[in-house]
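Student: I should like a close look at a single part of this structure, followed outward to whatever surrounds it. Please give one connected account.

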Amino acid sequence: KLFHARPACALVIRDEWNTQRIRNLGVLYAIPDFVSLFLVSRMAFSTKLHHVCVVVFMVANLFNDYSDDGVGRALVVYAVFSTFAYLVNLLLASRFLQVNARMALAMSVVALVVYGSCLCINWLWQLRYVLGRWYMTDTTGRLALAVYLSFIAMVVYDDLVLVSWLRLNVKRKLKVQ
């Protein structure tokens, strides 16, 4: 995932929304999700929905002008916070590698803390942003928010499934120690 702290700060703190950069990074962000829909045979249904939503969001991303303060910005912020939790993807990949028990436990704990923290901060930002937009927009804007919330709810559900798995994974690894 190619978002990192400098572009994220430019977006959120300095209010610099470079539409072409966001579109390019959005396509790159969605590639692993799109490819895994075809190559990964054993995937939880919630994860499949998550990946489909990411692809739908990527297509919408190609037609959005981020210089306008609209619901698309909430999607970008969600993606940015998701990239900060890259350790979860490393942990998931490490299941297929030879990782010693102490390292696996450390990775599991750090992944849970980082991912949980990113989700909490992200969801608080999303709530503040969506509520603010809801009361400042017309019917069309509210419809866009409702569509966004419908799709992002499926991503949030998969995030909750993953947090639950991370918690169980940490507990299992603590029992082995």
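Tutor: Asp 69 is partly exposed, because its relative accessible area is 38%, and partly exposed covers the range between under 20% (buried) and over 50% (exposed). The model is a predicted one, and the account below should be read as a description of that prediction. Asp 69 sits in the loop between α3 (45-61) and α4 (72-84).

The side chain of Asp 69 takes part in a salt bridge with that of Arg 73, at 3.7 Å from N to O. Arg 73, in contrast to its partner, is buried, with a relative accessible area of 8%. A further salt bridge joins Asp 69 to the side chain of Arg 133, and here the N to O distance is 3.6 Å. Arg 133 belongs to helix α6 (residues 101-136), whereas Asp 69 belongs to the loop, so this pair ties together parts that are 64 residues apart in sequence. Arg 133 also counts as buried, because its relative accessibility is 17% and the limit for that term is under 20%. The structure holds two salt bridges, and Asp 69, Arg 73 and Arg 133 are linked by them in a network. In that network, a partly exposed aspartate is bonded to one arginine that is buried at 8% and to another that is buried at 17%.

The helix that supplies Arg 133 leads on to the packing of the helices. Two packed helices are described by the angle between their axes and the distance between the axes. For α6 and helix α7 (residues 139-176), the axes come within 10 Å and cross at roughly 160°. That angle makes α6 roughly antiparallel to α7, since angles over 145 degrees count as such. The crossing of these two helices is left-handed.

Two pairs of residues show how places far along the chain are set out in space. Ala 101 has its place in helix α6 and counts as partly exposed, at 43% relative accessibility. Its C-alpha atom is separated by 8.1 Å from that of Val 176, although the two residues are 75 apart along the chain. Leu 160, for its part, is found in helix α7 and is partly exposed, with a relative accessible area of 44%. Between the C-alpha atoms of Leu 160 and Gly 116 the separation is 9.3 Å, and these residues are 44 apart along the chain.

Helix α7 also packs with the helices on either side of the loop that holds Asp 69. With α4, the angle is about 10° and the axes are 11 Å apart. That makes α4 roughly parallel to α7, because the limit for this term is under 35 degrees. The crossing of α4 and α7 is left-handed. With α3, the axes come within 9 Å and cross at roughly 140°. That makes α3 oblique to α7, as an angle must be over 145 degrees to count as roughly antiparallel. The crossing of α3 and α7 is likewise left-handed.

Helix α2 (residues 19-39) brings in a nonpolar part of the surface. Leu 28, Ile 31, Phe 34, Val 35, Phe 38, Leu 39 and Val 40 make a nonpolar surface patch of about 670 Å². Among them, Leu 28 is found in helix α2 and is partly exposed, with a relative accessible area of 39%. Val 35 is also found in α2, and its relative accessible area of 35% makes it partly exposed. Both values meet the condition for a patch, because its residues need over 30% relative accessible area. Val 35 lies 16 residues from His 51 in sequence and 9.3 Å from it in space, C-alpha to C-alpha.

To return to the starting point, Asp 69 is linked with Arg 73 and Arg 133 in a network of salt bridges, and its pairing with Arg 133 ties the loop between α3 and α4 to helix α6.

Terms used: Residues numbered from 1 in each chain as written. Predicted model: local features only at pLDDT ≥ 70, side-chain atom pairs only at ≥ 80, totals over all residues. Heavy atoms only, no water. Salt bridge = Lys/Arg side-chain N within 4 Å of Asp/Glu carboxyl O. Buried < 20%, exposed > 50% of the residue type's maximum accessible area, 1.4 Å probe, protein only. Helix = DSSP H or I, 4+ residues; strand = E, 2+ residues; numbered from the N terminus. Patch = residues over 30% accessible without salt bridge, like charges linked within 9 Å, V, L, I, M, F, W, Y side chains within 5 Å. Areas by Shrake-Rupley, 256 points an atom, 1.4 Å probe, with all protein chains shown as cover. Axes fitted to C-alpha atoms, helices over the stretch in contact; angles between N-to-C directions. Parallel < 35°, antiparallel > 145°, perpendicular 65-115°, else oblique. Left-handed = near helix turned anticlockwise from the far one by under 90°.
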